[in-house]
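Here's a quick walk through a protein model, going from the overall fold down to a few residues. Have the sequence and the 3D view open as you read.

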Amino acid sequence: MNMEQTFAVIPVLSALEIRLYSTLALLHDVGKRAIPQEILNKPGSLTKEEFEVMKTHTTQGCDLLERVPERKDCGAFPAICDVCRHHHERWDGSGYPDRLAGDSITPWVQVVGLADAFDALVHPRVYKHAFTQRQAEDMIVTGACGVFDPLLLACFAKHIREISQIVYSSIG
């Protein structure tokens, strides 16, 4: 399938889905509240042990949200937990914590995971500099950040200019 054919099969999200995905994205890293500050704020690379602790932010987020009494009244709660737990899963099964692959990763998790990867690349972190939009795009498309759904990547590539305008207008 060539790129033109791929664009032809990309589903269009409704306004409601876009609002839901945007809301879910706000809570994807809530589990980082349970990660020690010395790991979160460490300049440079994490050790293997530190990275294993960092990876627990996915499950810690679900654990934290489970303690919110009002969650029972929230119809989106399962999707919120899904995003918290699975936003580092990758299309080829190489992600964490559950090594989900392909269509077993829900669409909202796939979208938030890709957005999270792009955001992490184009913004500076205590452990790395910011990459340019072009570098970040290349890293995502070539799989340097893990493998994403080919249809989602096609949509990302098709709309990278609009995505970048939104991201870079929020940077300052």
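How many helices and how many strands does the protein have? There are 10 helices and zero strands, and this goes for a predicted model, so keep that in mind throughout. Reading from the N terminus, the order of elements is simply α-α-α-α-α-α-α-α-α-α.

**The whole chain**

Is the chain's radius of gyration in line with that of a compact globule? Put another way, what would a compact globule of 172 residues give? The expected value is near 16 Å, and the protein has 16 Å, so the two agree. Along the principal axes, the C-alpha atoms fit a box of roughly 45 × 40 × 35 Å. As for burial, 35% of the 172 residues count as buried. The accessible surface is about 10,200 Å², and carbon and sulfur atoms account for 60% of that surface.

Now for contacts along the chain. Taking those between residues at least 6 apart in sequence, 54% link residues at least 24 apart. On the charge side, the protein carries 17 positive and 22 negative charges, and the mean positions of the two sets sit 3 Å apart.

**Two residues to compare**

Glycine 61 and serine 169 make a handy pair. Each sits in a helix, and each can be set against a partner 24 residues away in sequence.

| Residue | Helix | Relative accessibility | C-alpha distance to partner |
|---|---|---|---|
| Glycine 61 | H5 (residues 57-66) | 0% | 6.9 Å to arginine 85 |
| Serine 169 | H10 (residues 160-171) | 56% | 24 Å to cysteine 145 |

Is glycine 61 buried or exposed? With 0% relative accessibility, glycine 61 is buried, because the cut-off for buried is under 20%. Setting aside residues up to four places away in sequence, glycine 61 touches Val30, Gly31 and Cys84. Serine 169 goes the other way: its 56% relative accessibility makes it exposed, since exposed means over 50%.

**A look at H8**

Which residues are buried in helix H8, residues 133-141? They are Ala136, Glu137 and Ile140. Why do they line one face of the helix? Looking down the axis of H8, the buried residues fall within an arc of 100 degrees, so they share one face. Just past the end of H8, glycine 143 adopts a positive phi of about 90 degrees.

Definitions and conventions: Residues numbered from 1 in each chain as written. Predicted model: local features only at pLDDT ≥ 70, side-chain atom pairs only at ≥ 80, totals over all residues. Heavy atoms only, no water. Buried < 20%, exposed > 50% of the residue type's maximum accessible area, 1.4 Å probe, protein only. Helix = DSSP H or I, 4+ residues; strand = E, 2+ residues; numbered from the N terminus. Arc of directions from axis to C-beta. Rg over C-alpha atoms; globule rule 2.2 N^0.38 Å. Contact = heavy atoms within 4.5 Å. Areas by Shrake-Rupley, 256 points an atom, 1.4 Å probe, with all protein chains shown as cover. Lys, Arg positive; Asp, Glu negative; His and termini not counted. Charge placed at Lys NZ, Arg CZ, Asp CG, Glu CD.
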